[in-house]
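Here are a few exercises to work through with the model open beside you. Try each task before reading its solution.

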Amino acid sequence: MIPKFKPKLGWPEFFALFKRNRGAVQKFENEFAKSFQSIDAVSFSYGRSAQWAFFKALGIENSEVIMPAYTCSVVAHAVTLSNNTPCFVDINKEDFNMNLELVPALINERTRAIIATHTFGYPQDVDRIKQIVKEAELVYGHKIWIIQDCCHCFGAEWNGKLVGTQGDVAVYAFNISKLMTSIFGGMLTFQNKELAEKVRVWRDSNYQKPKILKSIKRRLYLVAIYIAFKKYVYGFTWWLQEKTSLLNKFTKSFHLDDKIHFPPDYLDKMLDVEAAVGIIQLSKYSAIVELRKFNANYYNDNLSKNPGWVYPDIREGATYSHYTIIVPNKSKIIKEIAEKGIHLGELIQYSISNLHSYIHLNNNTPISLFCSHNVINLPLTVSQKEVEKIVSVVNDYSKLFE
Ligand SMILES: *Cc1c(COP(=O)(O)O)cnc(C)c1O
């Protein structure tokens with residue numbers, strides 16, 4: 001079975017699991033900052049923990065934070081757990097990003113930050129965001145922070161500039177489903193040395209060194225990932241995931257969409273072994289992005305366009321964390337294509353403003369809700385042979401519905 005995503009792990013990452021990797025965290029921060037054209041980078045145990053720490057370190061609380069309704073729910077949880085309130089904005093159907101036309105009217109005297117998520121690798125108009133924020137700062141007389149959530153868009157560019165360099169801070173995450181992995185882990189990157197130092201000092205006095213047992217468990221987890229994604233094992237992994245609850249402890253409990261919570265180790269610092277894997281992945285990341293772009297273009301050129309389905313745009317500067325299609329009958333398609341040996345993804349499966357935990361905020365986001373019910377995504381980290389197979393299976397299948 002072809003997996004819906006697959007981390008690009010090789011022997012070097014595997015060997016790193018058996019080393020001490022002393023000093024790797026510092027080295028990963030330095031190299032990451034350099035690769036993403038930033039002055040400095042500060043690492044964390046998760047992406048959500050990084051975003052939360054930014055609010056805490058700067059004393060941003062009792063404020064409103066503008067963010068899209070269609071993104072990973074942990075972004076909203078990080079806002080809430082830092083004692084702030086998310087203000088959800090609906091998205092554009094074309095690029096799944098926050099509809100910037102709606103933003104100015106939602107800014108008020110309590111607004112202290114805006115989170116741009118470049119969803120599925122589609123770069124958002126960062127110039128427009130900066131303009132909106134500048135005007136609002138003049139009206140309300142206080143700083144409004146621009147946070148770039150780059151978890152989907154490592155390396156994406158708007159007008160030739162990395163989107164992550166365009167705000168006050170950028171958030172990256174490295175779990176195995178992201179563009180590159182450090183087992184788990186997250187990072188903040190900065191364009192301003194003092195701001196980075198402030199966050200680092202706050203982290204160092206509020207986060208702890210992880211226990212030895214955790215570093216062993218994380219190593220075992222990555223070994224399990226190597227095995228689970230092996231070509232002839234993945235069918236079994238899929239079966240365990242779909243038909244049993246055995247894997248839930250590893251897949252679902254660290255991410256309960258509708259429960260405002262963080263994993264218990266969110267106040268741990270990044271492990272050296274995680275950073276060591278991250279450093280190796282960093283050296284591959286351009287190749288990973290190139291493969292994603294190549295396969296997205298291949299799909300675009302070779303999928304026969306079923307008139308009832310909406311295929312994604314190919315855009316300048318996009319890095320394609322996902323290749324998405326809007327379809328009328330998502331569950332049926334996923335089930336029937338799985339029978340042909342291809343595991344399709346269904347990201348993102350909810351509109352955050354419609355989740356039980358957030359519905360009381362009364363933010364109306366119909367397009368987010370529509371996309372949460374109708375988006376499927378095709379595997380991108382696959383070989384030429386696999387991408388050809390996917391095209392042929394999906395084309396045969398979509399013909400049935402013309
Ligand atoms: C994965 C992800 C995060 C957070 O990552 P964790 O490391 O799981 O906390 C945040 N935002 C987006 C858009 C993501 O995809």
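A polar contact here is a pair of N or O atoms within 3.5 Å; within protein, one must be able to donate a hydrogen and the other to accept it, and residues adjacent in sequence count only if both atoms are side-chain atoms. The model is predicted, so local features need pLDDT of at least 70 and side-chain atom pairs pLDDT 80 or more, while totals for chains, interfaces and linings use all residues. Residues are numbered from 1 along each chain as its sequence is written, and side-chain values use heavy atoms, with hydrogens and water left out.

**Exercise 1.** Find which side chains put polar atoms by the ligand's oxygen and nitrogen atoms.

Step 1: start with N175, where a side-chain N or O atom is 3.4 Å from an oxygen atom of the ligand. Step 2: go on to H152, with a polar side-chain atom 3.3 Å from a ligand oxygen. Step 3: finish with D149, where the partner is a nitrogen atom of the ligand, 2.7 Å away from a polar side-chain atom. Step 4: check the cover. On its own the ligand exposes 380 Å², and the protein buries 96% of that (Shrake-Rupley method, 1.4 Å probe; for residues, only the protein chains shown count as cover).

**Exercise 2.** Work out which elements give two or more residues to the ligand's shell, and what classes of residue it holds.

Step 1: the elements are α3 (47–57) and α4 (73–81); helices are DSSP runs of H or I, at least four residues, and strands runs of E, at least two, numbered from the N terminus. Step 2: sort the shell by class, and you get seven nonpolar, four polar and three charged residues. Nonpolar covers Ala, Val, Leu, Ile, Met, Phe, Trp, Tyr, Cys and Pro, charged covers Asp, Glu, Lys and Arg, and the others, Gly among them, are polar.

**Exercise 3.** Decide whether α3 is largely enclosed or open.

Step 1: count buried residues (under 20% relative accessible area; exposed is over 50%, partly exposed in between; 1.4 Å probe, protein chains only). Step 2: 10 of the 11 residues of α3 qualify, so the rest of the structure largely encloses this helix. Among them are R48, W52 and F55. Step 3: look just past the helix, where G59 has a positive phi, near 65°.

**Exercise 4.** Place R203 and list its contacts.

Step 1: R203 sits in helix α7 (residues 193–206). Step 2: R203 is buried, at 7% relative accessible area. Step 3: leaving aside neighbours within four places in sequence, R203 contacts E29, V42, S43 and F44 (contact means heavy atoms within 4.5 Å).
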